[in-house]
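Here is a short briefing for a first look. Start with the contact between the chains, then turn to the fold of chain A.

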2 protein chains.
Amino acid sequence: MGPHGAQSAAARLDDLDTPAVLIDLDRVEANVAKAQAYADRHRLALRPHVKTHKLPTLAHRQVREGAVGITAQKIGEALVMAHAGLDDILLSYPIVGPRKVEPLARLARATRRLAVMLDNETALATVAAAAVAAGKVIDVVIEFESGNRRTGVLEPADARALARRVVASEGVAIRGLGTHPLGAGAGDFVREARALLAADGIEAPVFSGGGTPTMWRAHEHAGLTELRVGTYVYHDRATVGAGAATLDDCALHVLATVVSVPERGRAVIDAGSKTLTSDRIAEAYGAGYGHVLEAPGAVIASLSEEHGVLDLSGCSTRLRVGDRVRIVPNHACPVTNLDDQVVAHRGDRVAWVAPVWARGATR
Amino acid sequence: MGPHGAQSAAARLDDLDTPAVLIDLDRVEANVAKAQAYADRHRLALRPHVKTHKLPTLAHRQVREGAVGITAQKIGEALVMAHAGLDDILLSYPIVGPRKVEPLARLARATRRLAVMLDNETALATVAAAAVAAGKVIDVVIEFESGNRRTGVLEPADARALARRVVASEGVAIRGLGTHPLGAGAGDFVREARALLAADGIEAPVFSGGGTPTMWRAHEHAGLTELRVGTYVYHDRATVGAGAATLDDCALHVLATVVSVPERGRAVIDAGSKTLTSDRIAEAYGAGYGHVLEAPGAVIASLSEEHGVLDLSGCSTRLRVGDRVRIVPNHACPVTNLDDQVVAHRGDRVAWVAPVWARGATR
């Protein structure tokens, strides 16, 4: 929508209006390089999930560094990427229903290689119809359960039944099996399912799994071929809490201004749930809604839409009205879904300001 | 940003792609009329908060029905409304710092009448500088604490000190005192503060308070002159829980599709935290992240960005992949901040599809 406080005139971070979403490019580049080196070392195909940054320019950087393609969650998000030149996309989400056929067909036409992860026959019928409409093959990755209790078939026999339907359907082909995150039994599931499929003469060469919190141990899952991770590009308080990164790896910060200090021990910033989101993290990972770099002892104790209320009782830093602070959010991905633009910087200098084209793309 | 799955071709709700945000116009009109009748009956000026709908067309309807003007939270939100012809705006948020002066001056130039609620001298200096830059008077409403522990001066003497600074500043004038929500001591605070101000020869005619959950008892606060409420236009699970409305008054629904049913007792819908938000409500108001109209016994037990996981163990309704459901969200306001568009309807017919121009306006 409208350019709500366009930041494009700012040359330095100090010139920016707040709240603003800052992207530290040096850290992004280091995070991308480190993940690619890990994937290369373990002969894993890296397929980064763009839901975290929603920016074609960063997706292109990930591919240039060696990623095999990208992962996206919804058709709208994938279409933005396809039109920006990302031509190998895995949709890691079941696409269901007649109203999705034409949008998915358009995505198929806009990509060189497209796959959809799914766990049921209705989704398969939708994908097959889109493939036929597009006149192109869409690959299928059968999603299986490995501990997340979200989507995914429960038993290897269910995977076989679905694989048989794929083989019997026009326009689609089996690419492999996938799960999220990589639960303890994932390798066993794939071994058993592949054996069942092989008995039918069906190959499922790809074993795709992901999740940033446990990404550095992904290679321990026997048979894994493809790593899907998103948050690692920025990291956040949750992935730091999980031990996948340190605070110094965090590349996304929310810049906010203290707008009120009604009493000692309480300060209010101009970043609330419309900027930081209401996402919580495990208590062991930290209290409240984010980590304030300039006041590490502060707890962002409550949020309303535009207010963040800081409890400074355990904090030696004094905050005054007008002070500016940078916050590492609990969860980076939904933060980039909220602001229409992000500000990329190197040190104190603004590098570029980009519209977040794929924000809001839930369809 | 981009038209992510534009819904404009749909004639009936059944034609819509999901997830979609639906607005029931008959219910909106009833909610607007009922609030206006209440305000009129108690001689309160109604100043609806547009943060809930973020739609100029609904703001105009509220004003046509008798509202004195509107309330907005941030300059960006207010600018959208001003350019859409809403010319009497109260910004119920402290505007702080030199980078806000020019944006606020622009808002002052774009409005006939503008006020800012604030609780500190730095905000006052910002507002005064903007008023001088705009060559117009900006009114000040002094915010006080009445139980919310967010922003607001704590003592009537603090209000007097701030009022004296207003009187001494160029470009600004005292309009009154305000708080949110209306805590038990609000009336006493205003009486005491007005007495102190009167001793200085300062009048503060407006006493502004708000909050939908307790709105029907607002008239019990002696001396209240202005009612600021937002959520009443749509209502949601929180205001129903608070007793301010019934489920049948709820005018905003999220339309979602069941995309996976991995096992009996669990279904997954295509509306996650990017559609419903992670906002929780008091346990007594209901479990999970929303109320599913077609399966009232279902609990939306967990959300990830694009997945809503339904626990159907206490539910007699059977859901199948492809089924479509409507959800009353916990909190309507942040939901309208997420999708670029909302679909207004009467019964099953789509009335219009509007871009949410003021979504994302956190600056």
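The contact takes 60 residues from chain A and 60 residues from chain B. Residues are in contact if their C-beta atoms, placed from the backbone, lie within 7 Å. This is a predicted model: local features need pLDDT of at least 70, side-chain atom pairs count only at pLDDT 80 or more, and totals for chains, interfaces and linings use all residues. Residues are numbered from 1 along each chain as its sequence is written, while chains are lettered from A and ligands numbered from 1 in the order in which they are written.

**The side of chain A that touches chain B**
- Helix H3 (75-83), helix H5 (121-134), strand S10 (252-263), helix H9 (273-276) and helix H10 (332-335) of chain A each supply at least two residues.
- Helices (H or I, at least four residues) and strands (E, at least two) are DSSP runs, numbered from the N terminus.
- S10(A) gives the most, with five residues.

**Symmetry**
- A rotation of 180° with 0.0 Å of shift along its axis superposes chain A on chain B (RMSD 0.0 Å).
- The fit is by least squares on the C-alpha atoms of residues with pLDDT of at least 70 in both copies.
- That is the relation of a two-fold axis.
- Both copies use the same surface: 100% of the contact residues of chain A recur in chain B.

**The sheet of chain A**
- Eight strands form an open, parallel sheet in the order S2-S9-S8-S7-S6-S5-S4-S3.
- Strands pair if DSSP finds at least two bridges between them.
- Strand S2 (45-46) and strand S3 (70-72) of chain A are the edges, each pairing on one side only.
- Strand S4 (residues 88-91) and strand S5 (residues 113-118) of chain A pair in the parallel sense over four bridges.
- Leu91(A) stands opposite Val116(A) in S5(A).

Definitions and conventions:
Contact = placed C-beta atoms within 7 Å.
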